[in-house]
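Biologist: I'd like to go through this one with you and hear the reasoning behind each label. Can you pull it up?

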Amino acid sequence: MGNADSKLHFRKAVIQLTTKTQPVEATDDAFWDQFWADTSTTVQDVFALVPAAEIRAVREESPSNLATLCYKAVERLVQGADTGCPSDKERQIVLNCLRLLTRILPYIFEDADWRGFFWSTVPGAGRAGRLDEDGEDDEARPLAESLLLAIADLLFCPDFTAQSHKKNGPDSAEDVKSIDSCEYIWEAGVGFAQSPPLNYIHDLNRTELLKLLLTCFSEAMYLPPSSERKNLNPWVSFFCSAENRHALPLFTSLLNVVCAYDPVGYGIPYNHLLFSDYRELLVEQAVQILIVTLEHEAGSPTTQALQAMEGTAGSDTEEQEHSGPDNLFVNYLSRIHREEDLGFILKGLGRLLNNPLLQTYLPRSTKKIQFHQELLILFWKFCDCNKKFLFFVLKSSDVLDMLVPILFNLNDARGDQSRVGLMHIGVFILLLLSGERNFGVRLNKPFSLRVPMDIPVFTGTHADLLIVIFHKIITSGHQRLQPLFDCLLTIIVNISPYLKSLSMVAANKLLHLLEAFSSSWFLFSSPQNHHLVFFLLEVFNNIIQYQFDGNSNLVYAIIRKRSVFHQLANLPCDRASIHSALQKRHKTGASRRSSTDTQTAEGPRAAAAEGPRHAPAPPEPGMFKTSLEATPGIDKITEKAQVSEDGTMITVPYRTDTRTDTQTDTQTDTQTDRQTAAADTSAIAAASDTESNSDRDHEVFHTDSEATRSRLSSVSSVNWSASPDWVSSWKSKLPLQTIMRLLQVLVPQVEKICIDKGLTDESEILKFLQHGTLVGLLPVPHPILIRKYQANAGTAMWFRTYMWGVIYLRNVDPPIWYDTDIRLFEIQRI
């Protein structure tokens, strides 16, 4: 009954606020206390009892009342931070204010006229949060700063969010303001050795404070991508600046809570169904706060790239000041260097990312975390901001503990259009790692795990696993993954000089891709398609020149598929042949068009368009997806580095011999069409694929629609058409010399042995190739070229929209931003 009365009183207060047309004085404490002092409502109650329509109505019709409500709620939080919340009633008031502000803030942000409200000064609130002795303002502090500092203080409030070190009596106000919060860090780990006892009440209170903090940071969601490029998020900038005296212990607490979390615990089966895990809620909020705060780095390569895109980059002192104060969170992250700390972080992230891969004999007996996307973004930030961490990851086989879950997620999400963002972040991480030599070397470790993935059974290395899954993504992934093909092949190129022994399955997958991509119709259908062939030829050349010994499987596959290379070398480039290849393919498709449901092609686009921005019912997990920014071309997000004899890398500029200057200009238009064609070509190539598992490997596009193909032809023909000069310009540069020389030497030898000994068993041929040598017979080895990821304005904007899209979709209880006017991305119903 008491809880029902509280809800009733709270609802009456909301109704009074929405129906009053005259401003309510801020001094009318009896009225304002109705919202927090006399009630005990959960955050779900607040969201249910304060409808969106009523918040907007107060905002439009009684703006002074909404402003006073926000001011009074922040004032009570500041008072709670000052006193240290010594009583249960004061703690309840603080929690009620937190929940109310979490509900209201998104509706403040969605209105451009209100967005600056929290950054205006409030009379009577000095820099110290109260009037000075003379009763005058001490340089009035904006409301946003007061709110953020109160949240920071409350996150280290003894007996509220931290374990008290005193046994007798509550802390006084002076004690709260003077405590060293580094002694109250939430969990042992980086920079802190003591692990405080678990207290689920503290965890719940921390979670609610972090939820409000995340809501404060979410102003970024209400700005279109173009407008947010110019300035950093002021909420994040202030909170991560030296103004926040708790910045270091808070960063450490968030990081340690995430990396120390073990969802399995003692491993008791089904324990997650018997007991509530309040630490998981805290970990989810902590990792989201971390990725948001680490996204804003004044003076970082990413920020400089964004400024360059806007034409604002410069070295003037005024511009440096305009970029904002240093982000202490990024600063602390970049300075972590002790091996035990780096190991703690890596093991923690690896344990959490591998959690969904755990298999037991009892179905669903272990807890499965759901925040793997946030963990991948956090891992990306660590690798990007702390090079010591990146080198630590790569110097041991622990990097494979990160690789396997990334590949698992890529394989699992490849057919789901709502998880395109997850595919991108996984590929970006692998692209970053592949730029380092140690990554390729580590991939030679045998793969022996039994992970639940629908891939061909093979015996081989982690490199084989990577190639098999990349092949599966290309041949059976969703069509929106087509812009990633260049990245996938670039990763394989980067690791290829270090692969000591590919399995037969992986070798056949690579040849299968070349067979598909070298089809004359595919090559002539888009100005970018031939680049995929260049990538694959570079892979073969790297392995032949640097890892010939031990790669007899690949050499055998090349010999067996030698007709593909001969056809590529003799590719016709006269106008009649080009026209004939395109027409032949067009006719083949037209003969089946009548039986094809055009809805297949329209499906993904229709699914993206039909979802309304606002729906009547609250959201459920998985109901929506968010849009993403376009990803730039591979030449924009990488720089070439040449590996010297001593192993160091020398940056070399991109040449336009194999990659035309027009690539990025046409990337968005042509990649979608290009890869749709790739899928169709793969289906035909698969029919002649003679690898040992081809009979049961059904991952090719069998449902590619003719409507999609006709769309490809129409788009390509309008903007561009293949010409003899264009084909000749890149055909003459195909790096076929090494492979042709290998075929010239080995094919006669293999044929002679087969005839002389009557060999029909491929194992005998492989044994012969294992003991063969091409020393002195191949061209001079070419220098190893590695394409290393570099900060880019396009990927920076992509990461921003992806990160906030993930946060939007993950926060559904309560649905903080649901039914508000988000502008950073579009929300689409699946």
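Modeller: Here it is, a predicted model, and buried residues make up 57% of the 830 residues in the protein. The secondary structure comes to 38 helices and 7 strands.

Biologist: What makes a residue such as Thr 795 count as buried?

Modeller: Its relative accessibility is 1%, and buried means under 20%, so Thr 795 falls in that class. Thr 795 belongs to helix H38, which covers residues 793-810.

Biologist: What does Thr 795 touch, leaving out residues up to four places away in sequence?

Modeller: Phe 428, Pro 632, Ile 637 and Tyr 789. Contact here means heavy atoms within 4.5 Å.

Biologist: How do you know that the side chains of Thr 795 and Tyr 789 are joined by a polar contact?

Modeller: The distance is 3.1 Å, and the cut-off for a pair of N or O atoms is 3.5 Å, so the pair of Thr 795 and Tyr 789 qualifies as a polar contact. The side chain of Thr 795 also has a polar atom 3.0 Å from the backbone oxygen of Asn 792.

Biologist: Now the partly exposed ones. Why is Val 652 called partly exposed?

Modeller: Val 652 has a relative accessible area of 22%. Buried stops under 20% and exposed starts over 50%, so Val 652 lands in between. Val 652 sits in strand E5, residues 649-652.

Biologist: Which residues does Val 652 touch, again not counting those up to four places away in sequence?

Modeller: Lys 640, Ala 641, Gln 642 and Leu 785. With Ala 641, which is 11 residues apart from Val 652 along the chain, the C-alpha separation is 5.5 Å. For the protein as a whole, residues 24 or more positions apart account for 82% of the contacts with a separation of 6 or more.

Biologist: On to cysteines. How many disulfides does the structure hold?

Modeller: The count is 0. A disulfide is a covalent bond between the sulfur atoms of two cysteines.

Biologist: Why does Cys 383 not form a bond with the closest cysteine sulfur?

Modeller: That sulfur is in Cys 385, at 9.7 Å from the sulfur of Cys 383. A disulfide needs the two sulfur atoms within 2.5 Å, so this pair is too far for a bond. Cys 383 also counts as buried, at 1% relative accessibility, and Cys 97 is buried with a relative accessible area of 0%.

Biologist: Let's turn to the backbone. What makes Asp 159 and Asp 819 worth a second look?

Modeller: Most residues other than glycine have a negative phi, and most peptide bonds are trans. Asp 159 has a positive phi of about 70°, and for Asp 819 the phi is positive too, about 70°. Asp 159 lies in the loop between helix H7 (143-154) and helix H8 (173-178); Asp 819 lies in the loop between H38 and E7.

Biologist: Are those two buried or exposed, or in between?

Modeller: Asp 159 is at 38% and Asp 819 at 23%. Partly exposed runs between the 20% and 50% limits, so both residues get that label.

Biologist: And which peptide bond is cis?

Modeller: The one from Asp 813 to Pro 814, with omega near 0°. Pro 814 is in the loop between H38 and strand E7 (827-829).

Biologist: How much space lies in the largest pocket?

Modeller: About 1200 Å³. Of the 47 residues that line the largest pocket, the closest to its centre are Glu 284, Leu 809, Arg 810, Asn 811 and Val 812. H38 gives the largest share of that lining, 6 residues. By class, the lining divides into 20 nonpolar, 15 polar and 12 charged.

Biologist: What about the cavities of 30 Å³ or more?

Modeller: The search finds 5 of them, and the largest cavity holds about 100 Å³ of space. The elements giving two or more residues to the lining of the largest cavity are helix H1 (2-19), helix H4 (52-61), helix H5 (63-83) and helix H6 (88-109).

Biologist: How does the lining of the largest cavity divide by class?

Modeller: Into 10 nonpolar, 1 polar and 1 charged. Among the lining residues are Thr 18, Phe 35, Glu 54 and Leu 100.

Notes
Residues are numbered from 1 along each chain as its sequence is written. This is a predicted model: local features need pLDDT of at least 70, side-chain atom pairs count only at pLDDT 80 or more; totals for chains, interfaces and linings use all residues. Side-chain values use heavy atoms; hydrogens and water are left out. Helices (H or I, at least four residues) and strands (E, at least two) are DSSP runs, numbered from the N terminus. Buried means under 20% relative accessible area, exposed over 50%, partly exposed in between (1.4 Å probe, protein chains only). A polar contact is a pair of N or O atoms within 3.5 Å; within protein, one must be able to donate a hydrogen and the other to accept it, and residues adjacent in sequence count only if both atoms are side-chain atoms. On a 1 Å grid over the protein atoms alone, a cavity is a set of points where a 1.4 Å probe fits but cannot get out, and a pocket is an open set with protein on both sides within 12 Å along at least five of seven lines; lining residues have an atom within 4 Å of a point. Grid points are joined across faces, edges and corners, and a volume is the space filled by probe spheres set on the points. Ala, Val, Leu, Ile, Met, Phe, Trp, Tyr, Cys and Pro count as nonpolar, Asp, Glu, Lys and Arg as charged, and the others, Gly among them, as polar.
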